[in-house]
Amino acid sequence: MKDSWSGRVGFILAAVASAVGLGSIWKFPYEVGANGGAAFILFYLLGLALAVVPLMLAEFAIGRRGGGGAAESLRRLAAAHGGSPRWGWVGAFGVLAGALILSFYSVIGGWTLAYAADALGGAQAADARAIQARYDALLASPARMAAYTALFLGLAAAVVARGVSAGIEAASKVLMPLLVALIAALAVYGVLEGDLRATLRFLFRLDFSRLTARAALEALGLGFFSIGVGFGVMITYAAYAGRTIALTQAALASIAIDTAISLLAGFAVFPLVFAHGLDPASGPGLVFVTLPLAFAGMPLGAAAGVAFYVLLFVAALGSAISMLELAVAPAV
């Protein structure tokens with residue numbers, strides 16, 4: 001790899017930008033609250049310590065030693081240690097998985113861009129029927145969805161085309177502070193205007209009765225989903241990491257920041273959800289149908305709506321950039 005990160009901070013910000021995606025805004029907090037609160041968090045942290053951290057360190061080591069994309073790094077290391085070059089296919093499957101994820105993720109990213117544009121333009125629906133109609137109209141317009149999807153992918157491609165230091169790292173140094181500022185502001189807004197007591201009870205009550213064996217396994221597996229290990233992005237990013245970057249420190253810092261942002265997202269979303277009697281399990285509908293209804297009936301709701309959809313767009317773009325880099329790295 002000819003390009004490289006300028007230092008540890010840029011590498012960590014890029015890794016965190018990759019990990020923090022749309023799911024971090026609603027899926028992680030909901031999984032915590034729906035499966036035992038603090039008990040679920042304990043199993044989640046156990047999964048991070050026993051599986052995610054070692055796997056992330058392994059991917060970092062493979063990427064740095066291999067010096068290429070996911071497939072090329074695995075092939076080179078296997079060849080160097082007398083292994084089969086077919087190990088490269090493991091990395092190739094990871095690249096394919098990333099491409100498939102990006103194929104639908106970019107559609108949702110286009111939705112965030114459409115809603116952010118509507119919010120910035122002052123197009124805020126004021127009642128449930130109008131909000132549902134706006135959502136249905138977007139889904140019923142293939143041309144509009146295709147245009148926003150293409151624009152979203154175009155923005156990600158423009159960043160990746162500039163390279164690692166001038167593109168991905170530079171974008172991460174803008175996107176991550178913006179994301180943290182937005183989510184912190186929305187968390188303060190949610191605490192002040194929403195139901196903080198219900199949120200604390202939902203997220204942190206130690207309730208082992210709701211922590212089933214299946215929920216415990218979900219907690220262990222959620223780390224893979226939330227951190228983004230297992231399909232080669234971290235191998236690719238580590239290939240650009242110089243010897244001066246301490247990989248262990250970078251891995252621990254990335255995981256700690258991602259987990260903190262995911263928990264903070266709970267305070268940005270769920271106080272509003274509970275204050276308006278909304279369903280916290282409604283998935284994409286929560287952020288595109290039910291939350292706009294909450295914003296419409298709250299003080300400074302228009303400004304909060306703008307901030308929220310810009311936040312979603314920033315989170316989606318950071319993840320899309322990493323998945324696109326995973327696919328194009330072998331050609332560099």
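This is a short tour of a predicted model, with three stops to select in the viewer.

**Stop 1: helix 9**

Select residues 196-204, which form helix 9. Which residues of helix 9 are buried? They are A198, T199, F202 and L203. These four span an arc of only 120° around the axis, which means that they sit on the same side of helix 9. The spacing fits a general rule: an α-helix has 3.6 residues a turn, so residues three or four places apart point the same way.

Now add helix 2 (22-34), helix 3 (38-66) and helix 12 (247-275) to the selection; they are among the elements that cover the buried residues of helix 9. Then go to the start of helix 9 and show D195 and R197. A side-chain oxygen of D195 comes to within 3.4 Å of the backbone nitrogen of R197.

**Stop 2: a surface patch**

Select W89, F93, L96 and L100, and turn on the surface. Together they make a nonpolar patch of about 490 Å². Pick out L96, which belongs to helix 5 (residues 87-120). Is L96 buried or partly exposed? Its relative accessibility is 46%, so L96 counts as partly exposed, since that class lies between 20% and 50%.

**Stop 3: L186**

Move to helix 8 (residues 164-193) and select L186. With a relative accessible area of 4%, L186 is buried, the cut-off being under 20%. Show what L186 touches beyond its neighbours within four places in sequence: F267, A268, A304, A307, F308 and L311.

To finish, draw a C-alpha to C-alpha distance from L186 to R65: 41 Å in space, with their positions 121 residues apart in sequence.

Technical notes
Residues numbered from 1 in each chain as written. Predicted model: local features only at pLDDT ≥ 70, side-chain atom pairs only at ≥ 80, totals over all residues. Heavy atoms only, no water. Buried < 20%, exposed > 50% of the residue type's maximum accessible area, 1.4 Å probe, protein only. Helix = DSSP H or I, 4+ residues; strand = E, 2+ residues; numbered from the N terminus. Arc of directions from axis to C-beta. Contact = heavy atoms within 4.5 Å. Polar contact = N/O pair within 3.5 Å; in protein donor to acceptor, adjacent residues only side chain to side chain. Patch = residues over 30% accessible without salt bridge, like charges linked within 9 Å, V, L, I, M, F, W, Y side chains within 5 Å. Areas by Shrake-Rupley, 256 points an atom, 1.4 Å probe, with all protein chains shown as cover. Salt bridge = Lys/Arg side-chain N within 4 Å of Asp/Glu carboxyl O.
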